[in-house]
Amino acid sequence: MTLFKSDACVVDVHTHVYLPEYLELLRHRNTVPFVLPPLKKGEDERLIILPGEDKDHSTQNGRPVGAAYYDVREKIKFMDLHGIDLSVVSLANPWLDFLPPTQTTLDLATRMNVEMEEMCLDKAAAGRLYGFGTLPVTSVEGSIKEVERIAKLPHLRGVIMGTAGCGKGLDDPELIPLFEAIARHQLVIFLHPHYGVSLPTSANTEVGHSLALALGFPFETTYAVSRLILSGIFDRLPDLRLLLAHSGGTLPFLAGRLDSCVIHDPLVASRLQHPPSYYLKRLYYDAVIYHETGVKATVDFADPKNIMFGTDHPFFPPLENQNGGPERWMSVDSNLAAITDSGLDKTVVQGILGENALKLLNLSPPASFKKKTLDLKDISLNPTIAPISLR
Ligand code: 5CU
């Protein structure tokens with residue numbers, strides 16, 4: 001049982017939405033990413049987004065995409081259920097990465113960012129939402145113009161970005177002017193994986209989405225951010241602020257190895273003013289890692305003031321048979337408990353729950369904010385031993 005009295009305004013920095021216009025776009029496509037009609041009448045539509053998901057018979061029907069993915073009232077309901085005061089909402093993957101650099105794509109990005117601002121202003125949001133904008137990344141020039149617009153939208157605090165850049169990864173020199181524009185406007189890049197890495201598939205075992213999400217996503221972030229660091233971007237732009245999804249993949253754990261390998265490679269080392277861990281310690285990390293070992297590793301490695309609570313809503317919804325009833329989200333409670341039960345100083349915990357995000361993203365607590373007790377009792381705190389049936 002965990003009862004945590006919190007003075008903190010709880011802020012969720014990792015929470016997604018598929019904006020209505022985006023879903024409409026996916027409904028009219030028949031290659032990944034796309035939305036399929038419901039399998040049965042009365043059920044939700046199905047979302048197919050991950051690379052190769054349509055080819056594997058265990059994943060080809062995707063997963064249901066219901067109101068939680070697009071309805072602001074569902075977002076607020078979810079926040080109320082878990083004691084979340086503010087959310088910084090971002091479009092879910094794969095953003096606009098798959099669209100060509102046409103005027104249509106640029107216009108779509110502009111409309112979607114206005115739509116995100118309007119969602120934050122919606123009466124139902126009650127002043128509790130901020131957002132990250134979306135860039136038409138296949139056009140660097142278009143993305144720079146969009147950064148200028150995003151910077152003027154009062155509730156947007158940065159941009160969500162995948163690891164592809166405009167097709168050649170984040171260390172592509174073509175992206176430098178875009179990074180410069182983002183840094184100039186003091187926006188934050190929320191870096192999020194989508195593509196995974198080319199893990200060998202098993203001929204014998206169906207693994208569905210599980211390994212792509214559990215391992216492919218974090219390895220992708222690990223590799224992409226390492227490449228970015230090796231490009232020397234942070235010597236050039238020390239003020240560029242990156243918030244890494246899923247606690248930076250495996251970076252807090254592998255930073256020492258990365259340092260050692262880079263230091264022993266004179267060609268690479270000579271391009272950098274510092275070992276990679278110097279830059280990594282200055283990045284920001286969400287705490288979407290589901291386990292206290294991961295939270296403690298991130299806190300140990302980076303500045304504890306750089307770590308922030310997130311949920312990944314509306315992905316990983318409650319399982320019908322999970323302990324704690326069908327309403328609370330085990331994925332959220334695992335992340336909350338990993339922070340509050342990690343043995344960290346109360347001030348560090350309060351920072352991770354919300355104060356760090358308020359500061360980084362310049363957010364104001366909502367009028368409704370009051371100190372509260374986060375009540376996680378009766379929730380299985382360790383998903384690895386949660387008494388759920390695995391079928
Ligand atoms: O379940 C999934 O596919 C995902 C996803 O695509 N993106 C994400 O952020 N979380 C879960």
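I will go through the ligand site, then one buried threonine, then the cysteines.

This is a predicted model, where local features need pLDDT of at least 70, side-chain atom pairs count only at pLDDT 80 or more, and totals for chains, interfaces and linings use all residues. Residues are numbered from 1 along each chain as its sequence is written, and side-chain values use heavy atoms, with hydrogens and water left out.

The ligand first. Around it sit His-16, Ile-49, Leu-50, Arg-63, Asn-93, His-192, Leu-213, Phe-217, Asp-312, Phe-315 and Phe-316, each with a heavy atom within 4 Å of it. Of this shell, six residues are nonpolar, three polar and two charged; Ala, Val, Leu, Ile, Met, Phe, Trp, Tyr, Cys and Pro count as nonpolar, Asp, Glu, Lys and Arg as charged, and the others, Gly among them, as polar.

Which polar side-chain atoms lie by ligand oxygens? An N or O atom of Arg-63 is 2.4 Å from one, a polar atom of Asp-312 is 3.1 Å from one, and for His-16 the distance is 3.4 Å. The protein buries 96% of the 280 Å² that the ligand exposes when taken alone (Shrake-Rupley method, 1.4 Å probe).

Next, Thr-221. This residue is in helix 6, residues 210-230, and is buried at a relative accessible area of 1% (buried means under 20%, 1.4 Å probe, protein chains only).

Last, the cysteines. How many disulfides does the structure hold? Zero, a disulfide being a pair of cysteine sulfur atoms within 2.5 Å. Cys-9 cannot form one because its sulfur is 15 Å from the closest cysteine sulfur, in Cys-120, too far for a bond. Cys-9 is also buried, at 4% relative accessibility.

Terms used. A polar contact is a pair of N or O atoms within 3.5 Å; within protein, one must be able to donate a hydrogen and the other to accept it, and residues adjacent in sequence count only if both atoms are side-chain atoms. Helices (H or I, at least four residues) and strands (E, at least two) are DSSP runs, numbered from the N terminus. Buried means under 20% relative accessible area, exposed over 50%, partly exposed in between (1.4 Å probe, protein chains only).
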